[in-house]
Amino acid sequence: MTLNIISAEEILFSGEAESVTLPGTEGDFMVLKDHASLLSTLASGTIRFTDSQGQQHTAEIPGGLADVDNNVVSVCVY
(Lines give C-alpha, C1' and ligand atoms only; values in the text may rest on other atoms or scores of the structure.)
Protein backbone atom coordinates (compact mmCIF):
# COMPACT_ATOMS: atom_id res chain seq x y z
CA MET A 1 0.00 0.00 0.00
CA THR A 2 1.07 3.60 -0.44
CA LEU A 3 1.81 5.75 2.61
CA ASN A 4 2.01 9.53 2.46
CA ILE A 5 2.90 11.50 5.59
CA ILE A 6 2.81 15.25 5.02
CA SER A 7 2.89 18.48 7.01
CA ALA A 8 2.32 22.05 5.88
CA GLU A 9 6.08 22.45 5.46
CA GLU A 10 7.27 19.18 3.95
CA ILE A 11 6.66 15.61 2.82
CA LEU A 12 7.88 13.43 5.71
CA PHE A 13 7.47 10.13 3.83
CA SER A 14 5.98 9.02 0.54
CA GLY A 15 6.34 5.42 -0.58
CA GLU A 16 5.24 1.83 -0.21
CA ALA A 17 4.58 0.36 3.24
CA GLU A 18 3.65 -3.09 4.49
CA SER A 19 2.01 -1.89 7.73
CA VAL A 20 1.31 1.39 9.51
CA THR A 21 0.45 1.94 13.18
CA LEU A 22 -1.14 5.30 13.95
CA PRO A 23 -1.87 7.07 17.26
CA GLY A 24 -5.64 7.56 17.00
CA THR A 25 -7.43 9.74 19.53
CA GLU A 26 -9.23 6.59 20.75
CA GLY A 27 -6.01 4.54 20.82
CA ASP A 28 -3.39 3.18 18.44
CA PHE A 29 -4.57 1.29 15.36
CA MET A 30 -2.83 -0.65 12.60
CA VAL A 31 -3.50 -0.44 8.87
CA LEU A 32 -2.57 -3.30 6.55
CA LYS A 33 -3.13 -3.87 2.83
CA ASP A 34 -6.83 -3.94 1.82
CA HIS A 35 -7.94 -2.21 5.04
CA ALA A 36 -11.47 -0.80 5.01
CA SER A 37 -11.79 2.90 4.23
CA LEU A 38 -11.66 5.19 7.23
CA LEU A 39 -11.04 8.74 8.36
CA SER A 40 -9.58 9.34 11.83
CA THR A 41 -8.17 12.11 13.97
CA LEU A 42 -4.70 11.45 15.36
CA ALA A 43 -3.37 12.29 18.80
CA SER A 44 0.15 13.30 19.71
CA GLY A 45 2.31 10.18 19.49
CA THR A 46 4.36 7.96 17.24
CA ILE A 47 3.62 6.69 13.75
CA ARG A 48 5.30 3.32 13.21
CA PHE A 49 5.58 1.78 9.77
CA THR A 50 7.40 -0.98 7.92
CA ASP A 51 8.53 -0.08 4.42
CA SER A 52 8.49 -2.43 1.43
CA GLN A 53 12.07 -3.58 2.23
CA GLY A 54 11.04 -4.65 5.76
CA GLN A 55 12.76 -1.76 7.56
CA GLN A 56 10.89 -0.23 10.48
CA HIS A 57 10.55 3.55 10.82
CA THR A 58 9.03 5.92 13.37
CA ALA A 59 7.85 9.51 13.23
CA GLU A 60 6.78 11.61 16.22
CA ILE A 61 3.74 13.76 15.50
CA PRO A 62 1.83 16.40 17.48
CA GLY A 63 -1.50 15.24 16.00
CA GLY A 64 -3.27 15.21 12.68
CA LEU A 65 -5.69 13.37 10.41
CA ALA A 66 -5.49 10.02 8.64
CA ASP A 67 -7.42 8.90 5.57
CA VAL A 68 -7.35 5.28 4.38
CA ASP A 69 -8.87 4.48 0.98
CA ASN A 70 -8.03 1.96 -1.77
CA ASN A 71 -4.65 0.97 -0.27
CA VAL A 72 -3.54 4.58 0.14
CA VAL A 73 -2.89 5.87 3.65
CA SER A 74 -2.70 9.68 3.74
CA VAL A 75 -1.57 11.28 6.99
CA CYS A 76 -1.74 15.05 7.43
CA VAL A 77 0.30 16.20 10.41
CA TYR A 78 -0.48 19.46 12.25
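**An all-strand chain, read from strand β8**

Along strand β8, residues 72–77, the side chains alternate between two faces: Val73, Val75 and Val77 point to one face and are buried, whereas Val72, Ser74 and Cys76 point to the other and are not. The model in which this pattern appears is a predicted one.

Strand β8 has two pairing partners to consider. With strand β1, residues 2–6, β8 pairs in the parallel sense over five bridges. With strand β7, residues 64–69, β8 pairs in the antiparallel sense over six bridges. Cys76 serves as a reference point for both pairings: this residue of β8 is the bridge partner of Ile6, and Cys76 is likewise the bridge partner of Leu65. The hairpin of β7 and β8 has two residues between the strands, and Asn70 in this hairpin takes a positive phi near 50°.

The buried face of β8 leads into the interior. The largest nonpolar core holds 19 residues, and those that touch the most other members are Leu3, Ile5, Val20, Leu22, Ile47, Val73 and Val75. At least two residues of this core come from each of β1, β2, β3 (27–32), β5, β6 (56–61), β7 and β8. Strand β2 provides the largest share, four residues. Val75 illustrates how these elements meet: apart from its neighbours within four places in sequence, Val75 is in contact with Leu3, Asn4, Ile5, Ile6, Leu22, Leu42, Ile47, Leu65 and Ala66.

Strand β2 also takes part in an aromatic pair, and the count of such pairs comes to one. The ring centres of Phe13 and Phe49 lie 4.5 Å apart with their planes at 50°, so the pair is tilted; the angle falls between the limits of under 30 degrees for stacked and over 60 for edge-to-face. The pair links distant parts of the chain, since Phe13 belongs to strand β2 (residues 11–24) and Phe49 to strand β5 (residues 45–51), 36 residues apart. Phe49 has a relative accessible area of 5% and is therefore buried, the limit being under 20%.

Two further residues of β2 deserve attention. Ser19 lies in this strand and, at a relative accessible area of 14%, is buried. Not counting residues up to four places away in sequence, Ser19 touches Met1, Val31, Leu32, Arg48, Phe49 and Thr50; Phe49 of the aromatic pair is thus among its contacts. Gly24 is also found in β2, and its relative accessible area of 8% makes this residue buried. Beyond its neighbours within four places in sequence, Gly24 is in contact with Phe29, Ser40, Thr41, Leu42 and Ala43. The C-alpha atoms of Gly24 and Leu38, which are 14 residues apart along the chain, are separated by 12 Å.

The chain as a whole can now be described. It has zero helices and eight strands, giving the pattern β-β-β-β-β-β-β-β along the sequence. For 78 residues, a compact globule would have a radius of gyration near 12 Å, and the chain agrees with this because its value is 11 Å. Its C-alpha atoms fill a box of roughly 25 × 25 × 20 Å along the principal axes. Buried residues make up 41% of the 78 residues. Among contacts with a separation of 6 or more, 42% join residues 24 or more positions apart. The chain exposes about 4,600 Å², of which carbon and sulfur atoms supply 50%.

Conventions
Residues are numbered from 1 along each chain as its sequence is written. This is a predicted model: local features need pLDDT of at least 70, side-chain atom pairs count only at pLDDT 80 or more; totals for chains, interfaces and linings use all residues. Side-chain values use heavy atoms; hydrogens and water are left out. Rings of Phe, Tyr and Trp (its six-membered ring) pair if their centres lie within 6.5 Å; planes under 30 degrees apart count as stacked, over 60 as edge-to-face and the rest as tilted. Buried means under 20% relative accessible area, exposed over 50%, partly exposed in between (1.4 Å probe, protein chains only). Contact means heavy atoms within 4.5 Å. Two strands pair if DSSP finds at least two bridges between them. A nonpolar core is a set of buried Ala, Val, Leu, Ile, Met, Phe, Trp, Tyr and Cys residues joined through side-chain atoms within 4.5 Å. The radius of gyration is taken over C-alpha atoms; the globule rule is 2.2 Å times the number of residues to the power 0.38. Accessible areas come from the Shrake-Rupley method with a 1.4 Å probe; for residues, only the protein chains shown count as cover.
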